[in-house]
Amino acid sequence: LNEKAGSIQKIFRGYTQRQIYQCSLANIVILQSIFRLNKAKKEMQKLRSIISAQSFVRGYLLRKKIVVMNEKATSIQKTFRGHTRRQSYMYDLANITILQNIYRLNKAKK
């Protein structure tokens with residue numbers, strides 16, 4: 001009887017130890033997942049800050065590029081306007097010269 005009782009106790013102790021081990025293992029897995037989650041959150045926060053810095057730099061460079069492009073466009077417009085005004089002036093000057101020649105010719109004939 002004592003042998004059977006000892007055998008039952010041995011089986012029961014093994015069962016309870018397996019239950020404790022499985023519970024501990026489950027807790028360890030949960031704890032590891034919590035640590036991995038926190039680590040992933042920290043890495044994600046670092047990535048977000050890097051992305052934010054990158055977007056700030058890209059925006060700054062784009063705004064700078066737009067300013068340069070606007071200055072170049074203004075320069076092109078100024079040059080074109082000057083060219084068209086000079087052409088208009090030369091056309092008007094030619095017409096005035098023709099009119100003066102006609103006037104002088106008519107005045108000489110009288």
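Here are a few friendly notes to read alongside the structure, which is a predicted model.

1. Start with the overall fold. The chain has one helix and zero strands. Its radius of gyration is 47 Å, well over the 13 Å that the globule rule gives for 110 residues, so the chain is more spread out than a compact globule. You can see this in the C-alpha trace too, which spans about 160 × 15 × 5 Å along its principal axes.

2. Next, look at the surface. Of the 110 residues in the chain, buried ones make up 1%. The accessible surface comes to about 10,900 Å², and carbon and sulfur atoms account for 64% of that area.

3. Now find a nonpolar patch. Met44, Leu47, Ile50 and Ile51 together make a patch of about 370 Å² on the surface. One of these residues, Ile51, lies in helix α1, which covers residues 2-109.

4. Charges deserve a look as well. The chain carries 23 positive side chains and 4 negative ones. The centres of these two sets are 10 Å apart.

5. Finally, pick out Gln19. Is Gln19 buried, partly exposed or exposed? Its relative accessibility is 36%, and because partly exposed covers the range between under 20% (buried) and over 50% (exposed), Gln19 counts as partly exposed. Gln19 is found in helix α1. Try tracing from Gln19 to Val68: these two are 49 residues apart in sequence, and their C-alpha atoms are 73 Å apart in space.

Key: Residues are numbered from 1 along each chain as its sequence is written. This is a predicted model: local features need pLDDT of at least 70, side-chain atom pairs count only at pLDDT 80 or more; totals for chains, interfaces and linings use all residues. Side-chain values use heavy atoms; hydrogens and water are left out. Patches are made of residues with over 30% relative accessible area and no salt bridge: like charges are joined within 9 Å, nonpolar side chains (Val, Leu, Ile, Met, Phe, Trp, Tyr) within 5 Å. Accessible areas come from the Shrake-Rupley method with a 1.4 Å probe; for residues, only the protein chains shown count as cover. A salt bridge is a side-chain nitrogen of Lys or Arg within 4 Å of a carboxyl oxygen of Asp or Glu. Helices (H or I, at least four residues) and strands (E, at least two) are DSSP runs, numbered from the N terminus. The radius of gyration is taken over C-alpha atoms; the globule rule is 2.2 Å times the number of residues to the power 0.38. Buried means under 20% relative accessible area, exposed over 50%, partly exposed in between (1.4 Å probe, protein chains only). Lys and Arg count as positive and Asp and Glu as negative; His and the chain ends are not counted. The place of a charge is taken as NZ of Lys, CZ of Arg, CG of Asp or CD of Glu.
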